[in-house]
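Trainee: Could you take me through one part of this model in detail? I'd like to start with a strand pairing and then see what sits around it.

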Amino acid sequence: MIEFDAAILRDIKKPLEIARARIERIEPDDVLVRIMASGLCHTDLEVIEGSLAYPMPIILGHEGAGVVEQVGAAVTDVKAGDHVVCSWNPHCGHCFYCERDQPILCEPFAYHQPRGHLLDGKSRLSCEAATVHHFSVVSSHAQYAVVPQSGAIGVPKEIPFDRACLIGCGVMTGVGAAVRLARVEPGASVAVIGCGAVGLNVLQGARIANAGTVIAIDRTPARQNLSRAFGADLTTGAAGDDVVAFVKEATQGRGADYVFEAAGSADGFRLGAEITRPGGQLVFLGKVNVAQDVAFRWGALMGEKKITRSSYGGARPKRDFPWLARLHLEGKLKLDELITSRLALRRINDGFDAMRRGEGIRTVVLPWNS
Ligand SMILES: [Zn+2]
Ligand SMILES: [Zn+2]
C-alpha cells in the first residue's frame, strides 16, 4: 500500500482538492509509476467544467511521465527504474478494433475508460476509504499512478520528465496527425487552424514531414509569432483577416493540400472545409460538446475531400513515444518552448485558471515540488 498526494476532483466546476490518495495493491498487468511531471490538457478542463462527463471523485491528468516504481507479475515491457511516458489509450491488442489496427477504438478501453476504471473494470485508487476514479486510464495529476502495461511506454532516460510528459498527449496528437495520420508528403501545403499546444505540434510535424508552404491560423498575435518558431511560413487569422482568400492566394487559388483544425470550434471546422483544396485532406483534431450541432456549407465538403476526425494523431505509443523523445534529443522537436509554466501540485488550480483565460501553451505540474 502507498499513500500519496493527488489532485482530486469531487464535483464539476469545483476546484481540485489536494488530498492523500491510496493504492492498496497492483494487479499482474499493472505498472506503478512515480509521476515526475504531468501536463495540464484542455480535456482535463472539460471534465472540470462538466462538458465531458466522468464519474466522481476522480484524479485527472493524462499527460504524465515518471519512473517505474513497481510492476505486476505479468509485465514484461518495462521494469522498475525505467523512465516512462503514459499513454491515455492503452489497448488490449486483440479485440475487434485492435485486430483491425484501430487501437484508439479498443473495445475494453472504450468501455472502461469513461467509467473511470482500468481495463479490468476496476479502480486501484481510493481516498478516505472511498473509491476514486481513474481518468483516461492515467490519472497523472498525482505523485503516483497505476497504468496497464500498454499504457506505460519506455523512453530514453536523457529526456527530462517535464518535456517527456508532453509527448503523452499534445505532442503525439499534433505531430502524429501530420506525420502518422495524414502522412503529409514533402512539398505539400499545410494549413493549421488554432495554434495552441496541439496546433503548434501539427506545425512542427509538418516541418518534420518536409512540407512546403505552412500556414498558421490563429486570432492572437502572440500565438501567430510562436507558430513561426514552430515552422509556419505564413500567419493569418487576426480579426478582419479574410482567411479563405489568404490561404487560396498562398496555394495558387486551390486551397491547402492538408488542413488541420486544432481550435475546437464550429467556426474552425467550417473554415477548415472552406480552405481544403479539392482532393485534399481535412483533419479535425479539436472538439466541441458532443451534443452540439455543427453546420457546414455543403459545397465546402464536396470535391473529393478526405475528411478525418482524430483524437490521438494515429498514435501507436510504443512505436511513437520513443521516436518523439529521440527527435527531441536530436534537436528536431521543440518541447521546452511549449512549457509556459511549471507548478507544484498544490497550485494546480492556478494552472487551470490560466487555461480558462487562454493564457500560455502548456502548464506542467511537478508533483514532488513543494
Ligand atoms: Zn490531452
Ligand atoms: Zn482492443
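In which sense do S2 and strand S7 (residues 125-127) pair, parallel or antiparallel, and over how many bridges?

Mentor: Bear in mind that this is a predicted model. In it, S2 and strand S7 (residues 125-127) run antiparallel to each other and are joined over two bridges. One spot to look at there is Arg22, which faces Ser126 in S7. As general background, strands in a sheet pair through backbone hydrogen bonds, in either a parallel or an antiparallel sense.

Now turn to S1, which is also a partner of S2. Seven bridges hold S1 and S2 together, and that pairing is antiparallel as well. A handy landmark here is Ala6, placed opposite Ala19 in S2. Put these pairings into the wider picture and you get a barrel: five strands close up in the order S1-S2-S7-S8-S4, with mixed pairing. So if you trace the ring on screen, S1 leads to S2, S2 to S7, and on through S8 to S4.

The two strands S1 and S2 are also linked through their side chains. Asp5 makes a salt bridge to Arg20, with 2.9 Å between the closest N and O atoms. Asp5 belongs to strand S1 (residues 2-9) and Arg20 to strand S2 (residues 17-23), so this pair ties together parts 15 residues apart in sequence. How open are the two ends? Asp5 is partly exposed, at 25% relative accessible area, and Arg20 is partly exposed too, at 41%. The pair isn't on its own, either: Glu3, Asp5, Arg20, Arg22 and Glu24 are linked in a network of salt bridges. Notice that Arg22 turns up in that network and also opposite Ser126 in S7. The general idea is simple enough: side chains of opposite charge can pair when their charged atoms come close.

Across the whole structure, a search finds 27 salt bridges. Two others are worth pulling up, starting with Lys318 and Asp77, whose side chains meet at 2.7 Å, N to O. Here the parts are distant in the chain: Lys318 is in helix H10 (residues 317-329), while Asp77 is in the loop between strand S5 (64-71) and strand S6 (83-86), 241 residues apart. Lys318 is exposed, with a relative accessible area of 57%, whereas Asp77 is partly exposed at 37%.

The other one joins Arg342 and Asp162, again 2.7 Å from N to O. Arg342 sits in strand S17 (residues 339-344) and Asp162 in helix H4 (residues 161-181), so the link spans 180 residues of sequence. At 41% relative accessibility Arg342 is partly exposed, but Asp162 is buried, at 10%.

Those two salt bridges bring us to H4 and H10, and these helices touch each other. Their axes come within 10 Å and cross at roughly 100°, so H4 and H10 are roughly perpendicular. From H4 the contact takes in Arg163, Ile167, Gly168, Val171, Met172, Val175, Val179 and Arg180; from H10 it takes in Arg319, Asp320, Phe321, Trp323, Leu324, Ala325 and His328. Sorted by class, that's nine nonpolar, two polar and four charged residues.

For another crossing, look at helix H1 (residues 42-49) and helix H11 (residues 348-356), which pack at about 95° with their axes 11 Å apart. That makes H1 roughly perpendicular to H11. On the H1 side you'll find His42, Asp44, Leu45, Ile48 and Glu49, and they meet Phe352, Met355 and Arg356 of H11. The class count for this contact is four nonpolar, one polar and three charged residues.

One last stop, in a loop. Glu304 lies between helix H9 (298-301) and strand S16 (306-309), and Glu304 is exposed, with 72% relative accessible area. Leaving aside residues up to four places away in sequence, Glu304 touches Gly279 and Gly280. The C-alpha atoms of Glu304 and Gly279 are 4.8 Å apart, although 25 residues separate the two along the chain.

Note on methods: Residues numbered from 1 in each chain as written. Chains lettered and ligands numbered in written order. Predicted model: local features only at pLDDT ≥ 70, side-chain atom pairs only at ≥ 80, totals over all residues. Heavy atoms only, no water. Salt bridge = Lys/Arg side-chain N within 4 Å of Asp/Glu carboxyl O. Helix = DSSP H or I, 4+ residues; strand = E, 2+ residues; numbered from the N terminus. Buried < 20%, exposed > 50% of the residue type's maximum accessible area, 1.4 Å probe, protein only. Pairing = 2+ DSSP bridges. Axes fitted to C-alpha atoms, helices over the stretch in contact; angles between N-to-C directions. Parallel < 35°, antiparallel > 145°, perpendicular 65-115°, else oblique. Contact = heavy atoms within 4.5 Å. Nonpolar A, V, L, I, M, F, W, Y, C, P; charged D, E, K, R; others polar.
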